[in-house]
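This report walks through a few local features of one chain. Keep the sequence and the coordinates open while reading.

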Amino acid sequence: MSQILSIARPDSVRSVRLDTDRGTFAAFTAAPPAPRGTALLVPGFNGSKEDFLPLLPGLAEAGYRVVAIDQRGQYETGPASEAPSYAPGDLASDVIALAGVLGGPVHLVGHSYGGLVSRLAVLNSASPVDTWASLTLLNFGPAAVSEPTRERLRLLLDALRTTPVPDLWPFLRPEDGGISEEVLSFLSDRWARNAPEALRLAAEQMISEPDRSEALRASGIPLSVVFGTPEETWPEREAAAMARELGARYTEIMGGGHSPNVYEPEAVIEALTSFWNA
């Protein structure tokens, strides 16, 4: 589960809704007067655009128009369109459609499960080099999640068969006493708004995801892996090995944990902008 310390929105960040031929998506955006490029940020399992609030002002100050979204089935996006499908391939098609609206090529950043969706978006693009300026996988590994994480996801899948999503919150509520009541209220509301089918399909995919590194390397776009440690969802050694196989730039962010975008945002901003600028 993604982690958040604050939901305060800086004055430079605007809340928008993006219309595509696949539906309408809730987003945050920030931009300088004359952007040198555009970046699309995709959140992970039970995540949302708020996960990227610590990054948006700094990335805009570095010269980039940045857009962070709620995926289909998440928080303020909801179903996005009539008769929604939450399969990973359909979520990837959403990301491709968003890139088309933003105007390519776009720097793509996927956090955790958002990395899985973003990788599929690159692989499923008709012309990756025309659509994507680069792809950064943020705390995402080459294939299925670690065995302890798979076990937790199996427990969640069992619970989803019989229990409404909002009723599961007491079992998922963070134990950290340092989290404010405002953030806890937001996290509870965000969790309750998850589409059950989106949670189910995401959990199943993270349990079974194959290694697609060979195909990703063949896409021809610049690749980067940014990985906060310590991390339990994917082992760090697997992420580092994936980066080597991809020929990707690899940046480890110590102390960032699973959400370096929250705990070490300046290091993530530096990793992203130095990669994009190159």
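Which residues does Thr29 touch, not counting residues up to four places away in sequence? The contacts are Ser12, Val13, Arg14, Val16, Arg65, Val66 and Val67. The model is predicted.

**Thr29**

Thr29 sits in strand S2, residues 23-30. Its relative accessibility is 9%, so Thr29 counts as buried, the cut-off being under 20%. The Thr29 side chain also reaches the backbone oxygen of Val66, at 3.0 Å. Val66 is thus named twice: as a contact of Thr29 and as the residue whose backbone oxygen the side chain reaches.

**Strands S7 and S8**

Strand S7 covers residues 223-229 and strand S8 covers residues 249-254. The two pair in the parallel sense, over six bridges. One bridge joins Ser224 to Arg249 in S8. Helix H10, residues 236-246, completes the motif: S7, H10 and S8 make a right-handed β-α-β unit.

**Ala271**

Helix H12, residues 265-277, holds Ala271. Is Ala271 buried or exposed? Ala271 is buried, because its relative accessible area is 5% and the limit for buried is under 20%. Beyond four places in sequence, Ala271 touches Val226, Arg249 and Thr251. Arg249 is also the bridge partner of Ser224. Ala34 makes a distant reference point: Ala271 and Ala34 are 237 residues apart in sequence, and their C-alpha atoms are 22 Å apart in space.

**Arg150**

Arg150 belongs to helix H5, residues 147-160. Its side chain makes a polar contact with the side chain of Glu147, at 2.6 Å. Leaving out residues up to four places away in sequence, Arg150 touches Ala144, Val145 and Ile207.

The two side-chain distances are set out here.

| Side chain | Partner | Distance |
|---|---|---|
| Thr29 | Val66, backbone oxygen | 3.0 Å |
| Arg150 | Glu147, side chain | 2.6 Å |

**Helix H2**

Helix H2 runs over residues 88-102. How many Å should its 15 residues span? The expected span is 21 Å, because each residue adds 1.5 Å and the count used is one less than the number of residues. The end C-alpha atoms of H2 are 21 Å apart, which agrees.

The buried residues of H2 are Pro88, Leu91, Ala92, Asp94, Val95, Ala97, Leu98, Ala99 and Leu102. Asp94 is on that list, as are Leu91 and Val95. Gly103 follows H2, and its phi is positive, near 90 degrees.

Key. Residues numbered from 1 in each chain as written. Predicted model: local features only at pLDDT ≥ 70, side-chain atom pairs only at ≥ 80, totals over all residues. Heavy atoms only, no water. Pairing = 2+ DSSP bridges. Helix = DSSP H or I, 4+ residues; strand = E, 2+ residues; numbered from the N terminus. Right-handed = clockwise from strand over helix to strand, strands pointing away. Buried < 20%, exposed > 50% of the residue type's maximum accessible area, 1.4 Å probe, protein only. Contact = heavy atoms within 4.5 Å. Polar contact = N/O pair within 3.5 Å; in protein donor to acceptor, adjacent residues only side chain to side chain.
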